[in-house]
Amino acid sequence: MVWKTHDYDNIPGTYVFDGKQSSQSYELNKLFYSLNEAGNREALWNDPEAYMANFNLSDEQRDALRNNNFLEVVKKGGNIYYLAKMAIPRGISVQHVGAQFQDITVDDFRQKLEDNAEGFVEKLNKVGGYWNG
Amino acid sequence: MAKIIGGITSSHIPAVGNAITQGLTQEPYWKRFFDGYQPAVKWLEEAKPDVIIVVYNDHGLNFFLDKIPTFAIGCADKYINADEGWGLNAVGDFEGDQAFSWHLAESLVEQEFDICTCQEMKVDHGFVNPMRVLLEKEKDWGVKVVPFAVNTVQHPVPSGKRCLKIGEALGKAIESYPEDLRVVIFGTGGMSHQLQGERAGLINVDFDIETMESVISEPEKFASLSNAEIIEQAGTEGIETIMWLVMRGALQPDAKLIHKHYHAPISNTGAGVLVLENQ
């Protein structure tokens, strides 16, 4: 069995969710998907080990969930939208998750977003025609 | 005959729904973003559409990874919003138009776009948030809808070129429908953002502006990029912006620009709004 390589494989810090990722993490994402039901969320919080036992997870995947190691979850094929179903109800926003990926505080992560967008109004003015209040 | 009045693009960021629910739209963080929607809200009100076709991607509410259609169209008389795992209250149900939806499916397949038809379809924030911000309602929407789902979650994801082409076919399908319907199309998602991995937090303002300008007047240019190129520039979740091309393809090549608005960051994302009107 040979997994085909892709142009997106070597983008740093990026794990494109494709067939290779999705197939190795099918049961993990199935667990996340089950959390659309409030009752399942409660069952997971009440007894994480018992709930995880309902799914055919690898030891590494179980460890990553136990430790809230979100980077490992993503590396092991957890889809970020699916992962959010576990994080958000516990008050862990996607920005908290993003901060954890980089081992920085959530305030630093938010600042990074602001920095990345800095000067956008000037750029819009240069192109022209954009709404600006 | 049915007529396409125009199209609107919008990001569908979850935090936008929360800001509306919590009454934060005039708070400093949100004000510029929401105020810039007002010309689009007004245009839509005056356009008086009978049907809105919403091009969006599902994020694991209706479709699980066991079956992922590349393109899917709702053919139901009703669509419901539901809990995506975040415990939020659902907005009011949306009314469908079965005869119109089935006509679109039939015409697309005749034009060699083999789309998945859905007679039950839950719609998530990707569909709901653009409706909330552009109609300024939470229920009793006063317009029928057709959900048009594109897989942008699990690769292989269709190319921008394919999205533009299915949009062209969708335009022909709409305009061959015998009833005098006024139709508006929303192209949702994007713009630049990456939620996962150590590169999370990416926002690429230059690329977003180039994309908006391209979608307005030269959609082939944005459509010529490979998905790997878009991911590199706009982030893994920025790939959603290809859905704008479905809307753009359905409109006339010389559709008139009514409004353009951009703000960043909103939550983790560069957020763009376009209003284009057919001549």
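The legends below describe three close-up views of a predicted model.

**View 1. Helix α7 of chain B, its length and its buried residues.** Helix α7 of chain B covers residues 205-217, and because each of its 13 residues is taken at 1.5 Å, the helix should span 18 Å, which agrees with the 19 Å that separate its end C-alpha atoms. Several residues of α7(B) are buried, among them B:V205, B:F207, B:D208 and B:I209 in the earlier part of the list, together with B:T211, B:M212, B:S214 and B:V215.

**View 2. The contact of chain B with chain A.** Chain B brings 43 residues to this contact, while chain A brings 45 residues. On the side of chain B that touches chain A, at least two residues come from each of α2 (28-35), α7, α9 (227-234) and β10 (256-266) of chain B. Of these contributions, that of β10(B) is the most, with six residues. Sorted by character, the residues on the side of chain B that touches chain A comprise 17 nonpolar, 16 polar and 10 charged.

**View 3. An open sheet of three strands in chain B.** The strands of this sheet follow the order β5-β4-β7 (chain B), and their pairing is mixed. The edges are formed by β5 (94-95) and β7 (122-123) of chain B, each of which pairs on one side only. Strands of a sheet pair through backbone hydrogen bonds, in either a parallel or an antiparallel sense. Strand β4 of chain B, residues 78-81, pairs with β7(B) in the parallel sense, over two bridges. Within this region, B:I80 stands opposite B:K122, a residue of β7(B).

Conventions: Residues are numbered from 1 along each chain as its sequence is written. Chains are lettered from A and ligands numbered from 1 in the order in which they are written. This is a predicted model: local features need pLDDT of at least 70, side-chain atom pairs count only at pLDDT 80 or more; totals for chains, interfaces and linings use all residues. Helices (H or I, at least four residues) and strands (E, at least two) are DSSP runs, numbered from the N terminus. The expected span of a helix is 1.5 Å times one less than its number of residues. A residue is buried if 20 or more other C-beta atoms lie within 10 Å of its own, exposed if 12 or fewer, and partly exposed in between; C-beta atoms are placed from the backbone. Two residues are in contact if their C-beta atoms, placed from the backbone, lie within 7 Å. Ala, Val, Leu, Ile, Met, Phe, Trp, Tyr, Cys and Pro count as nonpolar, Asp, Glu, Lys and Arg as charged, and the others, Gly among them, as polar. Two strands pair if DSSP finds at least two bridges between them.
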